[in-house]
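Me: Could you pick one part of this structure and take me through it closely? I'd like it tied together rather than as a list.

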Amino acid sequence: MENKDIARILSQTGDLLEIAGEDGFRIRSYRNAAQSVETWTERIADVVAEPDKKTADKKLIEIPGVGKSMTGHLREIVARGSLVPRDEVLKKFPPTILDLLQIRDLGAKRIALIWSAYHAGSVDEVEKLAQEGKIRELPRMGEKLEQNLLKAIAIWRNSAGRYRIDVADNAASKLRDYLKSADKHVRVTIAGSLRRGKETIGDLDLLVTGGDPGKMIEHLLKYPEIVGEVARGENKCSIRIGLNMHVDVRFLKPDEYGSAMQYFTGSKEHGVALRQRALRMGYTLSEYGLFRLKDESRAAGKTEEEIYQTLGLDMIPPELRENSGEIDAAEEHRLPKLIEPGDLRGDVHMHTTATDGRASILEMAQAAQARGLEYIAITDHSKAQAMNSGLDEKAIVAQIAEIREIEKQMPEGFRIFAGCEVDILKDGALDLDDDALAQLDVVIGSIHSHMNLEPEEQTDRLLRVCENRYLRILGHPTGRQLTRRDPYPFDFGRVLAAVAKRGIHMEINASPERLDLRDVQARMCKEKGVKLVINTDAHHPTHLENARFGVTVARRAWLEKKDVLNTLPASKFLHALHRK
Ligand code: DGT
Ligand code: CA
Ligand code: CA
Ligand code: ZN
């Protein structure tokens, strides 16, 4: 269990207490603890596991907002995924109340009001109330909120039960390591949508070979993070782990490993197309192997490469297996040589304590250098982001000077560019005057407000900002937040054309909450000759590692190294960024 899982259970407890009308002090104590647990750098599950309870408790009490009784709660959460006060308060409601907490625009206060007025404790019930216009009758709620609520519920239904790629990736790696620890001959491969790098993951699919399936299943069922067994067969076992994530584990014979990997990596559509091709060529392809139709003899199966090769195809990287042209390209030897994480040399979107980041300029630069990068840009918010203490012209000019000084403290050759994530205002103007913009190395324009304009107006706003000669990168261009917020509606094709014409670059924002642009749109950019920049939008040094998720999106978009601007060394990057 990770700190953020623990934090989620604590904040849920606070929310449930609020819905139940408990007193503010208890609610605050859970929320405070949740906040500091979430950002605590040491893994709390590891501290709890230390053999010496006294030293462990001492460490736990160091966490702000954690006192004696809270250390007990932390231990209980790590041990069984809940705590008594949560279980107690949850008894007052139908368990579906937890779903309501996931709906954006709701929150504990509003759920409490809805519950006390209508005794509605599920998404279905609240949706019905909103449709009937009954939510607007409650204090401070109104028709607008009712509409937003209906939209938020639709988004929730679409994404419910799907996990962000970072969450799935972390859970899968841990389970893989655990399975491998059983025996040194065991091989474990992560298959399914996670191997294809999809932006959200429905469930995990793991393939295991080497080792006795019966014994391996026994080992699997002792996994500490298991919360339930779903199904168990001779060569297959499905479990639930952590916060109820479903996992399918399959145990395979070595000579079937390649065909099973091929089958269970998917996508379903790619698999169907490949099996049709096999039939046309006189084979039958299944998870057990590739067999000749005429005499049922085995033609391939041990490795994926050999299957693709026998079918006359170059090896297709998992990220491309969506039946969107990859089979023809593999036949004609024109698959792209996909970009790799190690190709990135810089990261030019990140925040510091000057606005809403949590580390200094120097700390961000040192962390980037330690990760092997050669340059970064500091891009704090502009003044329209008053809530995040956005910088005005004067503050930006001062920060530029500060950056030039701090760059000198870095080892020879490492560059810190001065940038800004400038708000795109409602009318399409940038939020800083030209004098300030002209002094910046990297100007990213992003929309953070007025996301609900009519599509026409939103398109005009974006077209207008593309006319600004200082804009070099369009930041998180569609504004979506995975499982939380749809993109703001606008005409992507028209904006892309304007971006292409003005020599502006599109961002692939690698934050797993965004992944924006998404794969299909990034591929459209490549087709229009627009270069991409893969940025982490880091607010903390640890976020720099999210770059790999951006690379995954880029790979799914068929991008090569040359399609991504920040694969260039620093001076060439800067030059290319400003070329129009
Ligand atoms: P997910 O879990 O919703 O994110 O997506 P996947 O792609 O991981 O789907 P999942 O877990 O249902 O199945 C894993 C792979 O197994 C899938 O990508 C392809 C294969 N597969 C599963 N069911 C079928 C099926 O009915 N037909 C075919 N051709 N392949 C299937
Ligand atoms: Ca899956
Ligand atoms: Ca599955
Ligand atoms: Zn932003």
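Reply: Let's start with a handy word: two residues are in contact when heavy atoms of theirs come within 4.5 Å. Setting aside neighbours within four places in sequence, N468 has L430 and L437 as contacts. N468 itself sits in the loop between α21 and β15 (473–474); helices here are DSSP runs of H or I with at least four residues and strands are E runs of at least two, numbered from the N terminus.

Some ground rules before we dig in. Residues count from 1 along each chain as its sequence is written, chains are lettered from A and ligands numbered from 1 in the order written. This is a predicted model, with local features needing pLDDT of at least 70, side-chain atom pairs needing 80 or more, and totals for chains, interfaces and linings using all residues, while side-chain values use heavy atoms and leave out hydrogens and water.

The part I'd zoom in on is the metals. A donor is an N, O or S atom within 2.8 Å of the metal, or 3.2 Å for Na, K and Ca, and sites may look incomplete since water is not among the atoms.

Which protein atoms hold the zinc ion (ligand 4)? They are E421 (OE), H448 (NE2) and H476 (NE2), at 2.0 to 2.2 Å from the zinc ion. Read along the chain, these donors follow the spacing E-x26-H-x27-H. E421 and H448 link distant parts of the chain, being 27 residues apart: E421 belongs to strand β13 (residues 415–423), while H448 is in the loop between β14 (442–446) and α21 (455–466). Is E421 buried or exposed? It's buried, with a relative accessible area of 1%. Buried means under 20% of that area, exposed means over 50%, and partly exposed is in between, using a 1.4 Å probe and protein chains only.

Now for the calcium ions, where one residue keeps turning up. D203 bridges the calcium ion (ligand 2) and the calcium ion (ligand 3), and the two ions lie 3.7 Å apart. For ligand 2, the coordinating atoms are D203 (O), D203 (OD) and D205 (OD), with distances of 2.2 to 2.6 Å. For ligand 3, D203 (OD) is listed twice, joined by D205 (OD) and D248 (OD), at 2.3 to 2.6 Å. The donor residues of that ion run D-x1-D-x42-D in sequence. The chain again brings distant parts together, because D203 and D248 are 45 residues apart: D203 is in the loop between β3 (200–201) and β4 (204–209), and D248 is in strand β7 (residues 245–252).

How accessible are these three aspartates? D203 is partly exposed, at 23% relative accessibility. D205, by contrast, is buried at 11%, and D248 is buried too, at 9%.

Stepping back, where do the domains fall along the chain? The assignment gives domain 1 (3–159), domain 2 (163–252), domain 3 (258–331) and domain 4 (341–578); these bounds come from an automatic or database domain assignment. Between domain 1 and domain 3, the C-alpha centres are 46 Å apart.

R187 makes a good stop on the way. It is found in strand β2 (residues 187–190) and is partly exposed, with a relative accessible area of 49%. Beyond neighbours within four places in sequence, R187 is in contact with L207, V208, T209 and Y257. Its C-alpha lies 9.9 Å from that of D177, ten residues away along the chain.

A few backbone oddities deserve a look as well. G266 and S267 are joined by a cis peptide bond with omega about -5°, and S267 is in the loop between α14 (257–265) and α15 (268–280). Another cis bond runs from D516 to L517, with omega near 5°; L517 is in the loop between β16 (505–509) and α23 (519–527). H119 isn't a glycine, yet has a positive phi of about 55°. H119 is in the loop between α8 (107–118) and α9 (123–131), where it is exposed at 54%. R140 also has a positive phi of about 55° without being a glycine; it is in the loop between α9 and α10 (142–159) and is exposed at 74%.

Finally, how many disulfides turn up? Zero in the whole structure, where a disulfide means a pair of cysteine sulfur atoms within 2.5 Å. Take C525: its closest cysteine sulfur, in C466, is 11 Å away, so that's too far for a bond. C525 is buried at 0%, and C237 is also buried at 0%.
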